[in-house]
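Biologist: I'm new to this one and would like a close look at a single part of it. Could you walk me through it slowly?

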Amino acid sequence: MGILEKIKDIEAEMARTQKNKATEHHLGLLKAKLARLRQQLLDPPKSSGKGGDGFEVLKSGDARVALIGFPSVGKSTILTKLTETKSLAAAYEFTTLTCIPGVIQHKGARIQLLDTPGIIEGASQGRGRGRQVIAVARTADLILMMLDANKGEIQKRLLQEELESIGIRLNAQPPNIYFKLKSAGGVNLTATQTLTKITEKLAKSILHEYKIFNCDLVIRCDPTVDELIDAIEGRRSYIRCLYVYNKMDHMSMEDVDRLSRQPNSVVISCNMNLNLDFLLDKIWDYLNLVRVYTKLRGASPDFNDAIILRDGATMEDICRFLHKELVSQFKYGIVWGVSAKHCPQRVGISHVLEDEDVIQIVKK
């Protein structure tokens with residue numbers, strides 16, 4: 001029996017099993033078996049050759065955003081609208097067959113936007129070019145899930161299921177679980193709080209399903225079975241996602257208002273250029289980028305050339321960005337901006353910077 005057949009059998013068994021206290025242990029083991037088989041399905045043999053023309057796009061710019069969606073929802077159109085790249089858009093499905101990169105210039109940052117082929121239901125099991133598309137999504141800092149506003153909820157649910165099954169967790173944080181393999185000593189499980197969703201017996205059974213008999217497992221939260229499996233596999237990608245409902249010009253104002261109030265959602269119209277500026281601002285917010293300007297002693301700062309870093313960046317990160325030897329030569333920094341308690345403020349190398357700070361570095 002092949003992997004796909006085994007997956008279908010387990011899914012069928014889970015569907016017909018009633019969910020109650022008596023079946024929690026059995027369902028937990030089935031989930032572990034399913035996750036392990038799906039991981040085997042996604043890991044192609046090393047001798048399988050190249051992953052596919054047009055998908056190995058070199059990462060460039062200050063951040064990467066991937067467009068994911070079903071065919072003919074406006075991915076190519078929005079790439080053309082937001083970047084200078086021309087991606088073929090037509091009324092028929094699967095117009096885009098490769099991964100096409102473009103660059104968004106916004107607030108001084110260069111954001112790489114990837115237009116991927118439309119994926120279909122069953123993409124995580126290899127249908128269409130789903131595996132390559134989802135592999136691109138894993139490398140992104142943000143996923144733009146393009147949805148047809150008139151079919152948005154159905155498309156959203158199907159795409160979420162495809163991404164979840166391949167190990168991408170949208171708008172979620174990794175569980176606070178420490179896991180480390182050992183060569184001997186058995187399973188050492190420690191829980192710092194009461195476990196209400198799993199039991200110690202179930203946790204050890206899941207470990208045994210993965211052929212793990214010696215490890216340290218420290219649980220600092222109250223995880224579900226899925227979260228425990230994620231921590232054990234350790235190959236999950238936690239990526240922010242923005243749900244973009246296109247074709248708002250075909251909807252009533254009531255439906256537009258309802259969709260726009262949903263979490264992590266933006267309603268736009270590519271054809272009529274409606275709400276695209278707001279979408280750009282939301283992309284910026286979700287990427288958590290920070291602009292930092294530098295100045296020389298006695299000179300004015302150059303506000304036309306920002307250094308783009310991630311939220312939480314420190315003076316040390318700036319030094320490493322400018323020159324690898326600048327960290328060892330750093331004496332102190334002078335900061336003007338939101339992160340300074342008073343302007344200017346003399347700071348050390350661990351000082352955390354905020355958006356639009358101006359800095360001056362003094363060397364030893």
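In what order do the strands of the open sheet of three strands come, and what kind of pairing do they have?

Modeller: Happy to. Keep in mind that this is a predicted model. The three strands of that open sheet come in the order 6-8-7, and the pairing is mixed. At the edges sit strand 6 (177-181) and strand 7 (187-191), each of which pairs on one side only. If you're wondering what holds such strands side by side, strands of a sheet pair through backbone hydrogen bonds, either parallel or antiparallel. On average, neighbouring strands here are turned by 5 degrees against each other, if you ignore direction.

Let's zoom in on one pair. Strand 7 and strand 8 (residues 215-219) run parallel, and five bridges join them. Within that pair, Leu189 stands opposite Leu217 in strand 8.

Now for the helices around the sheet. Helix 6 (residues 200-209) lies across strand 6, strand 7 and strand 8, and it runs at about 140 degrees to strand 7. Helix 7 (residues 225-233) packs on the sheet too, where it touches strand 6 and strand 8. The direction of helix 7 makes about 40 degrees with that of strand 6.

It helps to see where this part sits in the wider picture. The protein has eleven helices and 15 strands, and 46% of its 364 residues are buried. The largest nonpolar core has 56 residues, and the members that touch the most others are Leu144, Ile168, Leu279 and Ile283. Helix 9 (residues 276-287) gives this core its largest share, seven residues. Apart from that core lies another one, of 20 residues, and here we meet our sheet again: Leu189, Leu207, Leu217 and Ile219 are among its members.

Back in the largest core, Ile168 is worth a click. Skipping its neighbours within four places in sequence, Ile168 is in contact with Ile134, Ala137, Arg138, Ile143, Leu163, Ser237 and Ile239.

Helix 9 turns up again if you look at helix 3 (residues 75-82), which is mostly covered, with six of its eight residues buried. Those six are Lys75, Ser76, Thr77, Ile78, Leu79 and Leu82. They pack against helix 9 as well as strand 1 (63-69), strand 2 (100-106), strand 3 (109-115) and strand 4 (142-148). Take Ser76 as one of them: its relative accessible area is 10%, so it counts as buried. The side chain of Ser76 also makes a polar contact of 2.9 Å with that of Asp115.

For one last stop, try Val290, in strand 11 (residues 289-294). Val290 counts as buried because its relative accessible area is 4%. Val290 and Leu309 are 19 residues apart along the chain, yet their C-alpha atoms are separated by 5.1 Å. Leaving out neighbours within four places in sequence, the contacts of Val290 include Leu309, Ile307, Ile308, Arg310 and Asp311, and also Leu353, Glu354 and Asp355.

Contacts between residues far apart in sequence show up across the protein: of its contacts with a separation of 6 or more, 64% are between residues 24 or more positions apart. As for the outside, the accessible surface comes to about 19,200 Å², and carbon and sulfur atoms account for 50% of it.

How values were computed
Residues are numbered from 1 along each chain as its sequence is written. This is a predicted model: local features need pLDDT of at least 70, side-chain atom pairs count only at pLDDT 80 or more; totals for chains, interfaces and linings use all residues. Side-chain values use heavy atoms; hydrogens and water are left out. A nonpolar core is a set of buried Ala, Val, Leu, Ile, Met, Phe, Trp, Tyr and Cys residues joined through side-chain atoms within 4.5 Å. Buried means under 20% relative accessible area, exposed over 50%, partly exposed in between (1.4 Å probe, protein chains only). Helices (H or I, at least four residues) and strands (E, at least two) are DSSP runs, numbered from the N terminus. Contact means heavy atoms within 4.5 Å. Two strands pair if DSSP finds at least two bridges between them. Axes are lines fitted to C-alpha atoms, for helices over the stretch in contact, and angles run from 0 to 180 degrees between N-to-C directions. A polar contact is a pair of N or O atoms within 3.5 Å; within protein, one must be able to donate a hydrogen and the other to accept it, and residues adjacent in sequence count only if both atoms are side-chain atoms. Accessible areas come from the Shrake-Rupley method with a 1.4 Å probe; for residues, only the protein chains shown count as cover.
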